[in-house]
Amino acid sequence: METSITTVVTGVETVTPGFIRVRVTTPPSAWTTTGRGDEFVHVEVGAETIDTDGHSARHYTVSRVLSDGFEMEIAIHGDGPGANWAQTVRPGETVAVSEPKAYYRPPAATHRRVLLGDATALPAIARILAEASEDERFTVLIELASMDDARELPSRADVEIEWRLGGNGVVPSVMEHEAREIVPALLAAGEEPYVWVACESKESRRVRQYLRNEAGVPLKLLRIVGYWHFEAAKALAAWEALTDEQKDQYMAIWREDRSDEENWIELEPFLRKMGV
Ligand SMILES: Cc1cc2nc3c(=O)[nH]c(=O)nc-3n(C[C@H](O)[C@H](O)[C@H](O)COP(=O)(O)OP(=O)(O)OC[C@H]3O[C@@H](n4cnc5c(N)ncnc54)[C@H](O)[C@@H]3O)c2cc1C
């Protein structure tokens, strides 16, 4: 994804103590929404460090689409170029973004959804709920480092939402524990939930292992995404320590003709073998 679209910042506001909303205006016809609730863009925040995918741009969810642009909500987590940018950017400044991409795609015939996420997933969860229809039913679990960031998430759908203190690089994550509470109960009740998970990368892998191997959720009903890496510099160093042959093996597993969740069947044992 190239960050080739120059946008103008038209608003910066505090959402809750740990979140800053940035509104940008896009040039006419230069940026088109995918229409999917977890769509995200790469944002050129002026980072000199790369993320573990090798990008200097950072990923942010399009939390609301506007007639002339969109909004993003950025979690303030400490010292990171993205978090720092959100705290210092001012209206009138320009910022380059990419075209959007999205992961959330529940099968049209299903109505039961489970959304599990940490603070970085809150903007996507808020938008998914805001855009949901009346016949959808959601069980939502959001873990936060501070309950001051919990807020109303309006929706026309039938929504059960739980907020938990946990994760976010501050305290141990409750994500796998909560997945074990929520998903088997739905399966036992004869439901076939579409399960979307977004949180710290290693936590997301733990949840995937559980949902796929123990709970037996079919791959087509799963979408699990690592949104950030705890101790990112260590994660990057572990990747860089791989040989070129190992990096090629990794790239070969990541096939375009399979879904990401299918790729993960091979990827997880490969990463474990590599010790990452
Ligand atoms: C598809 C997608 C959508 C996303 N949407 C959003 C969004 O809407 N809002 C949002 O805030 N984030 C979102 N993220 C996560 C965000 O891209 C990462 O948190 C990113 O690493 C932040 O960059 P940074 O420059 O602030 O920190 P980095 O330079 O990446 O990291 C600096 C240090 O901070 C740590 N760190 C990074 N992020 C966090 C965090 N969230 N909590 C605690 N420690 C952290 C790292 O481990 C590292 O040690 C999304 C990620 C993806 C993949």
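Start with strand 4 (58-61), which gives the largest share of the shell around the ligand, 4 residues. Strands here are DSSP runs of E with at least two residues, helices are runs of H or I with at least four, and both are numbered from the N terminus. The model is predicted: local features need pLDDT of at least 70, side-chain atom pairs count only at pLDDT 80 or more, and totals for chains, interfaces and linings use all residues. Residues are numbered from 1 along each chain as its sequence is written, and side-chain values use heavy atoms, with hydrogens and water left out.

**The ligand shell**

Next, select the ligand and the 23 residues that surround it; a residue is near a molecule if one of its heavy atoms lies within 4 Å of it. The closest are His59, Ala75, His77, Gly82 and His229. Besides strand 4, the elements that each supply at least two residues include strand 6 (69-75), helix 1 (81-88) and strand 12 (222-228).

Colour the shell by residue class: 11 are nonpolar, 8 polar and 4 charged. In this scheme Ala, Val, Leu, Ile, Met, Phe, Trp, Tyr, Cys and Pro count as nonpolar, Asp, Glu, Lys and Arg as charged, and the others, Gly among them, as polar.

Colour by domain next. Domain 1 (5-97) and domain 2 (112-241) both give residues to the shell, so the ligand lies between them. The domain bounds come from an automatic or database domain assignment.

**Backbone atoms at the ligand**

Show the backbone of Ala75, where a polar atom is 2.7 Å from an oxygen atom of the ligand. A backbone N or O atom of Pro81 lies 3.0 Å from a ligand oxygen, and one of Glu231 lies 3.1 Å from a ligand oxygen. Taken alone the ligand exposes 910 Å², and the protein buries 87% of that; accessible areas come from the Shrake-Rupley method with a 1.4 Å probe.

**Helix 2**

Move to residues 122-130. Helix 2 is largely enclosed by the rest of the structure, because 8 of its 9 residues are buried. Buried means under 20% relative accessible area, exposed over 50%, and partly exposed in between (1.4 Å probe, protein chains only). Among the buried residues are Leu122, Arg127 and Leu129.

**Asp260**

Finish at Asp260 in helix 7 (residues 260-274). Asp260 is partly exposed, with a relative accessible area of 23%. Leaving aside neighbours within four places in sequence, Asp260 is in contact (heavy atoms within 4.5 Å) with Tyr103, Arg223 and Trp254. Show the side chains of Asp260 and Arg223, which make a polar contact (2.7 Å). Such a contact is a pair of N or O atoms within 3.5 Å; within protein, one must be able to donate a hydrogen and the other to accept it, and residues adjacent in sequence count only if both atoms are side-chain atoms.
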